[in-house]
Structure formats: structure tokens, C-alpha cells
Amino acid sequence: MKKIILFLVIISIVAISCKKSSKTEDAEILVEAYGDVLTRNQLNAAIPKNLSTEDSTAFAKMYIENWLAERLIFNFAKEKIKDTIEIHKKVEDYRRSLYVSKYEKDFIYSQVDEKVSVEEIEKYYNNHLNDYVLSNTYVKAFYLTMNADINVYYEVLNKVSTSGLKDKKALIEYCIGADREVFFFEEFIELREFLSIINYKGNFDDVDLLSRNVLDFVVDKKRYIVKFDEYYIKGQVMPFELAKPLIYKKIINKRRETERTKFVSELMNNAKELGKIKYYYDKKN
């Protein structure tokens, strides 16, 4: 069996390496197992984009091996497992959920207006501030890098300290031709993530952020001068900028649920009129 699988894999890999020349070749069967087939275009669709030729070949080999293994085990299991009541029930439950999910998406939720005004989001935000308390600290910042061998850098430190994100253009011009670079984080980012991005290995937490907004350190002969331009500490109310997409999603979900409830209510009334629903218990209890 292993030799057969290996032989099929080799044939498949060779086939993949060939260039497509027609729609017929695109639908070429690469592997067949117990009547189930894997075609060239199915395999090509499964291979992630931007992989090297070597990685694509390795992925294709693994995919075919897994494809074959699943069908071999499935065929063997069908012969050995006789009590399939539980399996049939799970299949039917899953089938039912797929129907419901697709209908909701294509016919119910598609009727929902997904345009939400900023005013509506702001109103919700102001009325539910306690629901939007930060569990982590977020910052907006920028940092400048320069050669760490330069010992006298007070001018640079002062430039960063007295500047902000609003001075982006001036900071970029300040670095031109001076063997310096400046990087900006103009949207809120979690403090820990930001420190990881800039390779900061020291201890710097909320208390430090409250006491100073400039960070100066060296990594691999490169000096980093960081300016925290704006921040919100863990436990504070989330800034509107961060809450906005969350509230938008909440409003849309609420609209969808309202539309679904309305639709289900109509179905319920129609089903009762047609006698399709019967209760075998006392609903009052």
C-alpha cells in the first residue's frame, strides 16, 4: 500500500510541475481512491500562493498523502463501523445547520441595512461607556533610529521629545541625509505589541508610561528614541477610535437578530396555521 501511495504521489507531483495548456488538462484526475477523485485544479486551488517551487512541491505531496489517507480510512471505517445511528444524527444536524446558516446569510441578513452613521455609533458609545473598559494599554507613538556610536545626540533626543505625530512631515525631513530613520504608529496599538515590534527587552509598563513619554535604548548598534504621543491605560474607558468598529459590529448584529426574529415569527405563525407544529407538553409549565 505504501508503494502504491508513493507511486501516485510521484506521478501527481510530476503532473503538477507541467504547465497548463487547456481546460481539459486543468480538470485532469491526479489520484483516485474508491471512486473519489482529486483533480489538478482542486490541488492547485489548495496550494497557498507565494510558495517557492520547492515548498509547493512539498505541500502538494503532503496534501495528496492526507487526501488518500482520509479516503482509505473512511472506506475501511465504513466496513467496520456498523452502529451508525450517532453518525447519521451528527450528519443530519450538521446538514441542517448548513442550510440554516446559508439561508440566514443569503436571504435574511442580506436584507439588513449595514450603513451606520457616526452619530449612532457615538450615541451608543456614550450610553455604554462601562462596556468599553480597556483590558490592555494602547498607545500611538513614533520612534527614530540612529547610529548608537554617536555619543552626542541631545539635539536628536530633544527633537523627538518636543515633536508629535502631527509633526510627521518635519520629522521625515529631519532624517533625510542624516543617517536616521523615523517610523510612525498613527493608529492605536497594544503597548506590549509595540514594544515587541521595536525589540525592546527591558521593563516598561503602565506606571513607566505615566511617568515618562520618551524611551531611549540601544539594540544591535542602533539607538532607538521612542515618543509615546498618546496613550490609554488598562482600566480606562476605551477611546472612541478603538470602540467604533466593535460598536458597528454590535449594531449590525442587533439588526440581523431583529430581522431573524421577525422572520422566524412569521414562519412560526404560518406553521401553526398549517398544523405543522404540535406541542406535546403544557407550555404554561
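Student: What makes the contact between Asp-36 and Arg-71 a salt bridge?

Tutor: A salt bridge is a side-chain nitrogen of Lys or Arg within 4 Å of a carboxyl oxygen of Asp or Glu. In this predicted model, the side chains of Asp-36 and Arg-71 meet at 2.7 Å, N to O, so the pair fits the definition. The two partners come from distant parts of the chain: Asp-36 lies in strand E2 (residues 36-39) and Arg-71 in helix H4 (residues 53-80), 35 residues apart. Helices (H or I, at least four residues) and strands (E, at least two) are DSSP runs, numbered from the N terminus.

Student: Which residues are linked with Asp-36 in a network of salt bridges?

Tutor: Glu-70 and Arg-71 are linked with Asp-36 in that network. The whole structure holds 17 salt bridges.

Student: Why is Arg-71 called buried, and why is Asp-36 called partly exposed?

Tutor: Buried means under 20% relative accessible area, exposed over 50%, partly exposed in between (1.4 Å probe, protein chains only). Arg-71 has 19%, so it counts as buried. Asp-36 has 32%, so it is partly exposed.

Student: How do you know that Glu-114 and Arg-256 form a salt bridge?

Tutor: Their closest N and O atoms are 2.9 Å apart, so the pair meets the cut-off. Here Glu-114 sits in the loop between helix H5 (85-108) and helix H6 (118-127), while Arg-256 belongs to helix H11 (residues 240-273), 142 residues apart. Glu-114 is partly exposed because its relative accessible area is 36%. Arg-256, at 26%, also counts as partly exposed.

Student: What about Asp-216 and Arg-223: which of them is buried and which is partly exposed?

Tutor: These side chains meet in a salt bridge of 3.0 Å, N to O. Arg-223 is at 12% relative accessibility, so it counts as buried; Asp-216 is at 29%, so it is partly exposed.

Student: In helix H8, which residues are buried, and what puts them on the same side?

Tutor: Leu-171, Tyr-174 and Cys-175 are buried in H8 (residues 168-175). They lie on the same side of H8 because they cover an arc of only 95 degrees around the axis, an arc taken from the directions from the helix axis to the C-beta atoms. What covers them includes strand E3 (138-147), helix H7 (154-161) and strand E4 (181-190), where contact means heavy atoms within 4.5 Å.

Student: How are these residues and values chosen?

Tutor: Residues are numbered from 1 along each chain as its sequence is written, and side-chain values use heavy atoms, with hydrogens and water left out. Local features need pLDDT of at least 70 and side-chain atom pairs count only at pLDDT 80 or more, whereas totals for chains, interfaces and linings use all residues.
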